Each structure stands twice: as C-alpha cells, then as structure tokens.
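The following exercises are to be worked through with the sequence and the structure at hand. Each task is followed by a solution in steps.

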Amino acid sequence: MRVTFPHMGNLFIPVKAMLQYLGVDVVVPPPSSKRTLTIGAKYGPEFACLPLKLNLGNFIEASEKGADTIIMAGGCGPCRFGYYAQIEHAILKELGYDMKLIGLEPPQKHLTELLAKIKALSGTSSWWHIFQAIRFGYRKAKAVDEVEMAAFRSRPRELTPGSTEKAYAKSLEMLDRADSEIALAEAKRNADELMSAVAVDSKKAVVKVGLIGEIYTLLDPFSNQYLERTLGRLGTEVDRSIYLSEWVNDHIFMGLVKGLRSRKKACEAARPYLRHFVGGHGQESVGNAVNFARAGYDGIIQVFPFTCMPEIVAESILPEMRSDYGTPVMTMIMDEHTGEAGTLTRLEAFVDLLARKKEVKEVSCK
Ligand code: SF4
C-alpha cells in the first residue's frame with residue numbers, strides 16, 4: 001500500500017511525519033502547480049470549487065509516482081466537502097486509476113472511527129505508538145506554524161530582498177527531514193536561529209493585514225497566488241486566521257492544548273453578526289474578521305474559492321462588521337482563471353489604501 005493525500009500548503013510535513021512514524025509507505029504528491037490545476041480542471045466538474053480540482057490533480061500526479069491509496073478527509077454540514085472524497089474517487093475510477101480510498105470523517109463526531117482507520121493503516125502498531133505518531137505530527141505542525149509566523153514578521157522588514165524566503169525554505173526542509181522527536185527539537189532550534197538571523201529593519205513602519213477565509217485557499221500558497229509572500233514583499237505584515245496546529249487542537253484534541261486561538265472563540269466573536277454554522281469556515285471568518293479588527297489590524301483580506309458557499313455567506317455579512325469597526329476588507333476569489341497580474345494589482349491598490357489611511361490616522365492623532 002502506497003499512500004497519498006491532498007497537497008495543501010505545508011500540511012504534507014506533519015501528515016507525512018505521522019504516517020511514516022507508523023511505518024506507512026507515503027507518496028507525497030508534487031506541490032500543486034499549473035500542471036496539477038490543468039489536470040484537475042480538465043477532469044473535475046466545471047462548477048466544483050478549486051480544492052476539488054487541485055485534489056484530483058494531486059492524486060493523479062501521486063499515482064504517477066506510484067501511489068495506490070488515497071487518504072481524504074470527509075465533512076458534514078451545508079457545504080459540498082462531504083461529497084468530495086467519493087466524487088474524486090468516482091472520477092479517478094472512470095479515468096482508469098485503480099486507487100483505494102480511505103475516507104476520514106470529521107473527528108468531532110467520529111473520533112473512534114477515525115482512530116480505528118488510523119490503526120488499520122498502521123498495521124500492528126499499539127495504541128501507544130499511534131498516540132506518539134499523532135503527537136509527533138502535531139509537534140511538526142506547531143514547528144511549521146512558528147516558522148511561518150517568523151516569516152510573516154520578517155518579510156516586510158528584510159534588508160536583503162529574498163533573504164526571508166531562503167531561510168524559510170531551508171527551515172521547512174530541516175523540519176521535514178527530522179525523523180524523531182530529538183531530531184525535530186534540533187531542527188526547530190536550527191530553524192529558529194536561521195529565521196532570526198534574517199537581517200531586518202525592526203523600526204520600519206509596516207501595515208498589518210489579517211487573512212481570513214476558506215481553509216484550503218488560506219493554507220495553500222499555489223491556490224491563493226502566494227498571497228502571504230506577495231503581501232510581505234509589498235511591505236505588509238500578515239497573520240492568518242487558521243494555522244494547522246490550531247486546527248488539530250480544535251478538531252482532534254478537542255481544545256486540550258491551552259493558549260491557542262480556537263474555533264469557539266472565533267464563533268463567539270461572530271455572534272452579533274452570525275449565530276450559526278454555515279458550513280466550512282464561514283462563521284469563523286466573520287469572527288476572525290472581528291478579532292483582527294479589535295486587535296487593530298489595518299485591513300483584512302478574505303480569500304476563498306469561486307462558488308464557496310460558506311464564504312459567500314461570510315462575505316455578505318462582512319460589510320456590517322466593516323461599518324462597525326471601520327477596518328477595510330477586501331475579498332479575493334480564486335479559481336483556475338485567476339491571473340497573477342490582476343491579483344498583484346488588487347493587492348498593491350489595497351496596501352496603498354491601507355498605508356494612506358494609516359498615515360492620515362497617525363497625523364491626525366498627533
Ligand atoms: S468550504 Fe467552500 S471550497 Fe471548501 S468544499 Fe465547501 S464550498 Fe467548497
């Protein structure tokens with residue numbers, strides 16, 4: 001059995017670590033690219049959201065590298081995600097790809113089923129070994145998140161253009177290579193040193209933007225046109241509403257790790273505007289927009305795939321939040337037709353507007 005899974009940003013690092021810890025033969029699909037998207041858009045339904053098309057492309061590219069089994073999350077609620085795994089599997093079958101599907105249902109409601117599937121994957125591993133594997137995956141996710149956050153801070157302030165990117169890529173590579181808890185601790189120390197060695201102008205005034213939206217387009221740089229990197233180059237410090245370790249803590253550890261941001265808190269913040277679950281991360285997007293506005297961020301960017309229903313609901317509510325807090329919000333919708341030049345132009349204009357607004361505010365406060 002050679003197992004693959006969707007390539008969503010840096011998710012492959014903790015997932016690969018966890019599966020390899022359990023002795024599973026893993027085939028990581030190549031990072032999503034134009035080829036991946038072309039394949040997915042060719043075989044996926046036209047109005048399916050972007051992640052389905054990219055997943056399809058990932059699985060076909062992984063199959064070319066020898067993968068024969070797919071691990072894919074399931075879902076519930078008022079969005080199409082719950083059908084994704086089955087639809088993707090049916091399309092692959094029709095195309096002649098003989099791949100086995102292991103669907104993992106949402107852990108909140110199916111935790112024992114999820115653990116049973118992980119146990120089946122891992123062969124004869126004990127429950128203790130499975131626990132250690134999940135913990136190892138979680139620690140990698142946390143390390144990856146911290147390196148990403150360091151990059152968010154240094155990108156807009158770096159003295160040598162591109163130095164953050166180099167340190168970031170090297171740090172992720174070191175974390176990915178670590179194959180034990182001891183190796184991971186050492187890799188994290190080295191990554192921290194590398195990231196803090198990036199020369200920055202710590203006094204430089206930068207605008208701060210909070211990124212909210214649908215999880216796939218938020219976490220996957222290819223699908224959001226390298227939003228974080230571009231904003232960093234435009235002199236903007238970003239923060240994201242979703243990090244992998246927070247998602248794992250919320251959905252798998254049921255909030256056991258204290259001190260992290262949580263879905264619950266985001267939903268509380270959304271209450272004056274949206275009181276119920278609308279699928280995906282729609283409710284959290286509204287709540288996180290409120291949290292970013294309260295924290296004094298200069299602007300908010302919502303990103304989601306074309307036709308993403310939960311985020312369309314959130315988008316329709318955000319203007320009310322914007323008029324209450326006065327924080328500008330821009331929405332970016334991604335699909336296979338989104339062009340790099342158009343994205344860059346919109347980001348430049350938005351960052352300019354935020355910088356001007358900040359300047360005016362600072363002058364009038366003096
Ligand atoms: S959350 Fe949005 S992008 Fe994700 S499956 Fe649902 S509709 Fe599609």
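**Exercise 1. The sheet of β1 to β4**

Begin with one pair of residues: I71 stands opposite I102 in β4. The model is a predicted one. Determine the order of the strands in the open sheet that contains β4, and state which strands stand at its edges.

*Solution.*

Step 1. Strand β3 (residues 69–73) pairs with β4 in the parallel sense, over 5 bridges. Besides the pair already named, A73 stands opposite L104 in β4.

Step 2. Strand β1 (residues 2–4) also pairs with β3 in the parallel sense, here over 2 bridges. In this pairing, V3 stands opposite T69 in β3.

Step 3. The 4 strands form an open sheet with parallel pairing, and their order is β2-β1-β3-β4. The edges are taken by β2 (25–26) and β4 (100–104); each has a single partner strand, so one side of each is left without a neighbour in the sheet.

**Exercise 2. The sheet of β5 to β8**

Describe the open sheet that contains β5, and identify what α13 and α14 touch when they pack on this sheet.

*Solution.*

Step 1. The order of the 4 strands is β6-β5-β7-β8, and the pairing is parallel. At the edges stand β6 (236–240) and β8 (329–334), each with a single partner strand, so one side of each has no neighbour in the sheet. From one strand to the next, the twist averages 25°.

Step 2. Strand β7 (residues 299–305) and β8 pair in the parallel sense over 6 bridges. Within β8, T331 is the bridge partner of Q302.

Step 3. Helix α13 packs on the sheet and touches β5 (207–213), β7 and β8; the direction of α13 makes about 165° with that of β5. Helix α14 (residues 309–325) packs on the sheet as well, touching β5, β7 and β8, and its direction makes about 165° with that of β7.

**Exercise 3. A pair of helices**

Classify the packing of α7 and α8 from the angle between them, and describe their contact by class of residue.

*Solution.*

Step 1. Two packed helices are described by the angle and the distance between their axes.

Step 2. Helix α7 (residues 163–177) and helix α8 (residues 181–196) pack at about 175°, and their axes are 9 Å apart. Angles over 145 degrees count as roughly antiparallel; α7 is therefore roughly antiparallel to α8.

Step 3. On the side of α7, the contact is made by A167, K170, S171, M174, L175 and R177; on the side of α8, by A187, K188, N190, A191, L194 and M195. Sorted by class, the contact has 7 nonpolar, 2 polar and 3 charged residues.

**Exercise 4. The buried residues of α12**

State which residues of α12 are buried, and where they lie around the axis.

*Solution.*

Step 1. In helix α12 (residues 263–270), the buried residues are R263, A266, A269 and A270. They cover an arc of only 125° around the axis, which puts them on the same side of α12.

Step 2. Among the elements that cover these buried residues are α11 (244–251) and α13 (282–294).

**Exercise 5. Positive phi in two loops**

Locate Q225 and T307, and decide whether each is buried, exposed or partly exposed.

*Solution.*

Step 1. Q225 is not a glycine, yet has a positive phi of about 60°. Q225 belongs to the loop between α9 (215–219) and α10 (227–233).

Step 2. T307, likewise not a glycine, has a positive phi of about 75°. The loop between β7 and α14 holds T307.

Step 3. A residue counts as buried with 20 or more C-beta neighbours within 10 Å and as exposed with 12 or fewer. Q225 has 19 such neighbours and is therefore partly exposed. T307 has 15, so T307 is partly exposed.

Key. Residues are numbered from 1 along each chain as its sequence is written. This is a predicted model: local features need pLDDT of at least 70, side-chain atom pairs count only at pLDDT 80 or more; totals for chains, interfaces and linings use all residues. The arc is that of the directions from the helix axis to the C-beta atoms. Two residues are in contact if their C-beta atoms, placed from the backbone, lie within 7 Å. Axes are lines fitted to C-alpha atoms, for helices over the stretch in contact, and angles run from 0 to 180 degrees between N-to-C directions. Angles under 35 degrees count as roughly parallel, over 145 as roughly antiparallel, 65 to 115 as roughly perpendicular and the rest as oblique. Ala, Val, Leu, Ile, Met, Phe, Trp, Tyr, Cys and Pro count as nonpolar, Asp, Glu, Lys and Arg as charged, and the others, Gly among them, as polar. Two strands pair if DSSP finds at least two bridges between them.
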